[in-house]
Amino acid sequence: MRFLHTWPLVRRFLYGLTIVTALAAALYFFWPTQERHVLITARPLITGTRIEEGALKTVPVPSRYVPEDFLSPNAVLPEMWDGISLKAGTILTESLLAASPAGRAIPPGFADIPLLIDAAYTPELENGDLVDIWALPSSCDSSECAATRIAQNIYVVSSAAKEGTSWASSAQRKIILRLPGSDTEKVLGYAGGGILSVVLHSRGGPPPL
């Protein structure tokens, strides 16, 4: 009998939950979102073929459908595509590029390290830039805090903006740095327990060989 008395309340709750879920789904799919311009294949791109004019094109895509490691329209690409064959309409990403022999050509004694840094602590970067990496103390006992340079003249393999979430204080930037072995452990150690800042050293430098 108790169930019969409470059933109307349960039924109203279920109806309300269904309506809220439907509204949330409608807002997710129809609410205006920011767009990003990405590179996609205009036609199938076959392994071992030359990337000719017209093989790629730039299109706007809603941000929520863009991979984190997408390639910007001004990304530098190899003349020959050595990665896996791609269908027309595929968004080009760092992962697809890194799957090619050209993307795996890391000099001996170096390592490509990905870092996710608050956008407030890094300038706008481009592939090929040289940067210095500074470690900032997470807390200070005095009114002044001194930063420490932990690596210098580091080559930027790639840099991509990552949108902030509703609970994050600001946007972030994902960068891949080519570090010599002597700096790798130091940078990763600070990245796990401190704050890193990237300072643009010079633009358009040659990669380490």
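In the predicted model, residue N153 is placed in strand β7. The backbone of N153 adopts a phi angle near 55°, which is a positive value in a residue other than glycine. With a relative accessibility of 41%, N153 falls into the partly exposed class, because that class covers the range between 20% and 50%.

The strand that holds N153 belongs to a protein whose secondary structure comprises three helices and nine strands. Read from the N terminus, these elements follow the order α-β-β-β-β-α-β-β-β-β-α-β. Of the contacts in the protein with a separation of 6 or more, 68% are accounted for by residues 24 or more positions apart. Buried residues make up 29% of the 209 residues, and the accessible surface of the protein amounts to about 13,400 Å², with 60% of this area belonging to carbon and sulfur atoms.

In soluble globular proteins, nonpolar side chains tend to be buried together. The largest nonpolar core of the model contains 17 residues, among which L115, I133, L177, V187 and L196 touch the most other members. At least two residues of this core are supplied by each of β5 (110-118), β6 (130-136), β7 (148-162), β8 (172-180) and β9 (195-202), and the largest share, four residues, is drawn from β7. The surroundings of L177 can be described in detail: when residues up to four places away in sequence are not counted, L177 touches A111, D112, I113, L115, V131, I133, I154, Y155, V156 and V157. A second core, separate from the one described above, consists of eleven residues and includes I51, A75, L86 and L92.

Side chains of opposite charge can pair when their charged atoms come close. A search of the whole structure identifies four salt bridges, and the pairs described here include one between the side chains of R50 and E79, with an N to O distance of 3.2 Å. Since R50 lies in strand β2 (residues 49-50) and E79 in the loop between β3 (56-62) and β4 (80-81), this pair ties together parts that are 29 residues apart in sequence. R50 is partly exposed, having a relative accessible area of 47%, whereas E79, at 57% relative accessibility, is classed as exposed.

A salt bridge is also formed by D112 and R178, whose closest N and O atoms are 2.8 Å apart. D112 is located in strand β5 and R178 in strand β8, so that parts 66 residues apart in sequence are tied together by the pair. D112, which also appears among the residues touched by L177, is partly exposed at 25% relative accessibility, while R178 counts as buried at 9%, a value that lies under the 20% limit for that class.

Strand β8 takes part in a further pairing, in which R173 forms a salt bridge with E124 and the closest N and O atoms are separated by 2.9 Å. This pair links distant parts of the chain, with E124 in the loop between β5 and β6 and R173 in strand β8, 49 residues apart. The two partners fall into separate accessibility classes: E124 is exposed, with a relative accessible area of 59%, whereas R173, at 9% relative accessibility, is buried.

Key
Residues numbered from 1 in each chain as written. Predicted model: local features only at pLDDT ≥ 70, side-chain atom pairs only at ≥ 80, totals over all residues. Heavy atoms only, no water. Core = buried A, V, L, I, M, F, W, Y, C linked by side-chain atoms within 4.5 Å. Buried < 20%, exposed > 50% of the residue type's maximum accessible area, 1.4 Å probe, protein only. Contact = heavy atoms within 4.5 Å. Areas by Shrake-Rupley, 256 points an atom, 1.4 Å probe, with all protein chains shown as cover.
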